[in-house]
Amino acid sequence: GSEMCIRDSPLSPLLKSFATIAAVIAFAVANQWQLAVAVVTQLYDWAWLGLLVGTGAVAIIIGLIAFFSWLSWRYTFYELTDDEVRYGSGWLLRSRRAARLDRVQAVDINQPLLARIFGLAEIVIETAGGSDSHFTIKYLTPPQCEQFRADVLGEVEKLDTELAHSLYDGDSPTAPLDSGAHMSSRMSDAKTIFGPVNVGRLIASVAIGPGLFVGIALILLAVVSALFTDFIVEILSGVTITTLIVIGSFALGLFGVLNQSWDFTLKVSSESRRLAITAGLLSTRAQTIPIDRIHGFKVVQPLWWRPWRWSRADVSVAGYGLDSTQSNNTLVPVAPAAETDAIVDYLMTEIAGPSSADDLLGSWQTPRTAWWLSPIDWKFQKVQATRRGLLVTKGRFWHTRFIVPWQRIQGHTLTISPLKKPAGVANVRIDMVPGTVTPVATELALADAYQLAALIQEHKAV
């Protein structure tokens, strides 16, 4: 079959080794600083010799890092064939890896901050498999990334089309379409169903809750510094510095949430049955999620969002697994609850069909007699079975709903712990692909737990 070979940017060695070179320079500066001061102030006649030797050693180390990075780039290649993506690297120790196109789940384009500064991007190919399911190509220009993604997805869709023809038509597959034209026509019906996310709401969602505690802590620190005597401040200085480091790290994490969700936009193409997500402030990403790979939804409403009736939604995607980042699983970062629910219902309809008036198959919740096992949350521990799937809810302060179509449920695990046995309750875990959606029907009466288990056994995916 036809093959297409691409080479990453000549700047790739610099970007890939940037962190190592920066660490070497930082280490050198920290250790050579006193010698540099001694040379400038002429404290020691021999200081210049140590500075010269140290600087020369750092230059040699950086030169070696740069040379081997260039050598690695020189022997790195990527190929796209009719049935797989191939990756090769290494000069002394060679490695080869291939990802079969029939196992490709999604192709995303990311622009980390450093790559974005140089006008480059990376492609992340998600494949079905274990924890090592990422296939990353670093670094290409954005047009190269767009073209390569279109080519990969075009080949994937051609494979799907050929399989459908061979299974259902009994005829030979039709002539393959040009991949670029194929993709452009398939994505032409994409429509925006969410976003761009409201900036004020996004900032408020981060500021309210955890961010609010950071603000209060900073105000308290300012009051302590202004009112207490020098003696007390000296005693507390160690605690204050440590606290500032912790608060600074926490604030950095909150900014990371803003960075990942900034300008978040969700589009859907009914023809290609794919979601397209774009987001990011300093670093950006363009993510594709096949609707048929979505295995479940998680809708969360923290206590501090409740007065404004905001919520967020995440998804479990086959192939992403537990090692994917939180941003990869985000469906809606923050929105009015009605809007979030409408998006989830739209996708549930795409997967499991429309809802109807006689949807409800059963409803169960933790019995009052078992309240002492979860004195705070027991009223919120419920499960509903409909003709489309299961709805599992939990949490008073961190209200969470799991929505799972029957087509994505693989089975169940019923457990009765020694503590719960006297209360006559059991847990029913819904088994599905690893991911952010982990539904467990908690502390149901034994009769209800067995009834739910029987229903799952009847409706689960074969």
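This briefing walks through the salt bridges and one nonpolar surface patch of the structure above. The model is a predicted one. It holds 8 salt bridges, and three residues, Arg273, Asp292 and Glu350, are joined in a network of them. On the surface, a nonpolar patch of about 750 Å² also deserves a look.

**The nonpolar patch**

- The patch is built from Leu11, Leu14, Phe18, Leu113, Ile117, Phe118, Phe255, Leu281 and Leu282, and covers about 750 Å².
- Two elements, α1 (12–41) and α3 (113–117), each give two or more residues to this nonpolar patch.
- Leucine 113, one of the patch residues, sits in helix α3.
- With a relative accessible area of 42%, leucine 113 is partly exposed; patch residues need over 30%, so leucine 113 clears that cut-off.

**A salt bridge within helix α4**

- Arginine 149 and glutamate 146 join their side chains in a salt bridge, with an N to O distance of 3.3 Å.
- Both residues belong to helix α4 (residues 142–169), and because they are 3 residues apart, about one helical turn separates them.
- The two partners differ in cover: arginine 149 is buried at 13% relative accessibility, whereas glutamate 146 is partly exposed, at 42%.

**A salt bridge between distant parts of the chain**

- Glutamate 350 pairs with arginine 273 in a salt bridge whose closest N and O atoms are 3.0 Å apart.
- This pair links distant parts of the chain, as the two residues lie 77 residues apart.
- Glutamate 350 is in helix α9 (residues 337–352), while arginine 273 is in the loop between β9 (265–269) and β10 (274–280).
- Both partners are partly exposed: glutamate 350 has a relative accessibility of 25%, and arginine 273 has a relative accessible area of 23%.
- Arg273 and Glu350 also belong, together with Asp292, to a network of salt bridges.

**The pair of aspartate 431 and arginine 429**

- Aspartate 431 forms a salt bridge with arginine 429, and their closest N and O atoms are 2.9 Å apart.
- Aspartate 431 has 18% relative accessibility and counts as buried, because buried means under 20%.
- Its partner, arginine 429, is partly exposed, with a relative accessible area of 42%.

**A general point to keep in mind**

- Side chains that carry opposite charges can pair when their charged atoms come close.

Definitions and conventions:
Residues numbered from 1 in each chain as written. Predicted model: local features only at pLDDT ≥ 70, side-chain atom pairs only at ≥ 80, totals over all residues. Heavy atoms only, no water. Patch = residues over 30% accessible without salt bridge, like charges linked within 9 Å, V, L, I, M, F, W, Y side chains within 5 Å. Areas by Shrake-Rupley, 256 points an atom, 1.4 Å probe, with all protein chains shown as cover. Salt bridge = Lys/Arg side-chain N within 4 Å of Asp/Glu carboxyl O. Helix = DSSP H or I, 4+ residues; strand = E, 2+ residues; numbered from the N terminus. Buried < 20%, exposed > 50% of the residue type's maximum accessible area, 1.4 Å probe, protein only.
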